[in-house]
Every structure is written in structure tokens, then in C-alpha cells.
Amino acid sequence: MATLPFRASARTAAEERVSAAGDERTAASSLGAYAVQALLNEADLTPKPALVDRRSNGAHADLTLGLMHRSARALFPCFEAIATASKGMVPGQRLRERLGAMGRAGETCMFAATGGVNSHKGAIWSLGLLVAGAAICFDRIDLFTIADTAGSIARYCDSQVEPAPTHGARVQQIYGTAGARGEAQQGFPHVVRIGFPALLDARLRGVSENCAKLDALMAIMAELDDTCLLHRGGLPALHAAQHGARQVLREGGTSTAQGWARLLGLDAELLQMNASPGGSADLLAATLFLDSMTRNSGTQRSAENWFGDVELWRN
């Protein structure tokens, strides 16, 4: 019997390269899917004070739950591309500018899906950076490392665009708040030190998953100088939201009858002021993204296994 000149199980160098490319595509797809699912889960969470949820459009006359879903799914190619571009890279000016261009392309996809409505612009910024951080740190999943890496990217300026006058920038100038940019540059402290621990603590107390996520939102709202609230209702709206969220938590969280009643009262108060905690919602989505990463880091299951045919999101 002739001896084979190679082991039957061995792969050629070309096959190894194809396999590695496939692994990278699977990793990027998984990260993109985690980001989209975080946005979907945040939108579906009910009841949220003055935010779009399964009950109503909250304080947003131009948004619906269906539109939020379309917007989130339209962002999958953006997040997947960000993950692909970031894999094997280190934070730097070149990567920051490349990701900035991808983020702006994602905004175009969002506006196309929503008919021109800004549904997730802030989330593209925060989740895009965290997706990049996760792609860079994919072999050593740790939420602090991911957030710190994302912060390192955010601290570089994007010289390809001129600073534009935005609601967030105006609010930061008036009130001296950090805003979404400052939150990212600091390594997302309201996510890793407030939202995520609150989520884990609620789960350890044995509350429902819905209440655990609502408690995480309350924890973020209680501490964040939310520029969305400041833009729409000034300091009175911010103080009402922070005070109301702290009351919910003092009553034992949303899983208690008293805490639930406080939550509904906060919802009514913010609706009366026509102000919503959109910045807190973005950071809750970021919290849920990192939660997915850490809970599933022991497996390398593909996005297709988790969330169905992601080709539908690419098209």
C-alpha cells in the first residue's frame, strides 16, 4: 500500500487561510448580531419612562417600536464592518477615522430605514466603539478591557469631519456635562460601574429578567447627566428623572410593588415634561451588549446560530 505524502487530516496553507478568514467573519457577524440584539432588547423592554416600548412611543412623536426594530436591524452591516475592520488592530488615529466613516455610513442606513428619523445615532457611537473594542479584545473577553479599549479609540479625534453643532454639543456647552463623547472617552463608567453591576445584582436577587434590565436602567438614570433630558426639558427634567429613578431603587427596585408604582409615576412625570432619557437608553443597550459578550464568551457560536439568517440584515 502506497504511503501518502501528507497526513489525510492536514490542511493546505490556502485552506488554513480560508478557515481563518471564515473564523474572522463569524466573529464579526457575532459581534454585529450582539449589538443589534442589544438594541432590540432595549427597545422591547417595558415599561420604560417616556421611552419607546411595547406600550407606546413615549415622548417621541416621530418614533414607534416597529421603526426602532427596522433601524436596529439596518445597522447590522455597520456593526459587522466595524468588527471586521478592528480585528487585529490597536487603537489609533487611523482606526478612529476609519471607524468614523463606517459610523457615518451606518447613520445613512439608519435614516434610510426610518425615513429620515434619528432613532439610533447615539447608539451607533457607543455600540460602534464597544464593538470595535470587543473585536480587538476578542480572545480575552473582559468588560473592563473592552470598555477601556473603546475609550482609547474615542480619545482620538476624527480629522475627516468638521465638528457640527448638535443638540448634545449645545447641552454640553451650556451645562458642562460630559455627554456621549465624554462617557466613551472615560471608558463608559456608567455602563461598567453602574449599569452592569446593577443588572447582575438584580439577577442575584432572583428578580425577573425584565425587572433586572429595568433596574439597570434606573441605576444609570439615577447617576447620568443625560443630555437628551437636558435638551428637551433642561435641569428640571434631569433632576426629575434622577430623583425618580433613585426613588424606584430605594423602594427595592422594579420587582417590588412600591418600586413598580414609582416607575409608573416617573413615566407619567417625564411624559408631562415631554422629556425622555435617551442617553440612558443608549447606555442600557451598551450594558446589554457587554452582558451578551461576557455571558457567551465561553462559546464561539455564530451569529446565525444565535439570531437566524443574518444575511437578511446585510441586505
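**Exercises on helix α11 and its surroundings**

At the start of α11, the backbone nitrogen of Cys228 lies within 2.9 Å of a side-chain oxygen of Asp226. The model is predicted, local features need pLDDT of at least 70, side-chain atom pairs count only at pLDDT 80 or more, and totals for chains, interfaces and linings use all residues. Residues are numbered from 1 along each chain as its sequence is written, and side-chain values use heavy atoms, with hydrogens and water left out.

**Exercise 1.** Compare the span of α11 with that of a straight helix, and locate the bend.

*Solution.* Helices are DSSP runs of H or I with at least four residues, and strands are runs of E with at least two, numbered from the N terminus.
- Step 1: α11 covers residues 227-250, and a straight helix of 24 residues would span 34 Å at 1.5 Å a residue. The expected span is 1.5 Å times one less than the number of residues.
- Step 2: between its end C-alpha atoms, α11 spans only 24 Å.
- Step 3: α11 bends by about 130° at Gly233, with Pro236 following within four residues. The bend is the angle between axes fitted to the seven residues ending at a position and the seven starting there.
- Step 4: after α11 comes Gly252, with a positive phi near 100°.

**Exercise 2.** Find what the buried residues of α11 pack against, and place Thr177 in this picture.

*Solution.* Buried means under 20% relative accessible area, exposed over 50%, and partly exposed in between (1.4 Å probe, protein chains only). Contact means heavy atoms within 4.5 Å.
- Step 1: the buried residues of α11 include Thr227, Leu230, Gly234 and Val248.
- Step 2: their packing partners are α7 (167-175), α8 (179-185), α10 (209-223) and α12 (257-273).
- Step 3: Thr177 sits in the loop between α7 and α8 and is buried, at 11% relative accessible area.
- Step 4: leaving out residues up to four places away in sequence, Thr177 touches Val171, Gln172, Asp225, Thr227 and Leu230.

**Exercise 3.** Describe the largest nonpolar core and the helix that gives the most to it.

*Solution.* A nonpolar core is a set of buried Ala, Val, Leu, Ile, Met, Phe, Trp, Tyr and Cys residues joined through side-chain atoms within 4.5 Å.
- Step 1: the largest core has 85 residues, and Leu31, Leu130 and Phe289 have the most contacts inside it.
- Step 2: helix α5 (residues 121-136) gives the most to this core, with eleven residues.
- Step 3: among the residues that Phe289 touches are Leu31, Tyr34, Leu127 and Leu130.
- Step 4: a second, separate core of seven residues includes Ala43, Val52, Leu63 and Val117.

Notes
Polar contact = N/O pair within 3.5 Å; in protein donor to acceptor, adjacent residues only side chain to side chain.
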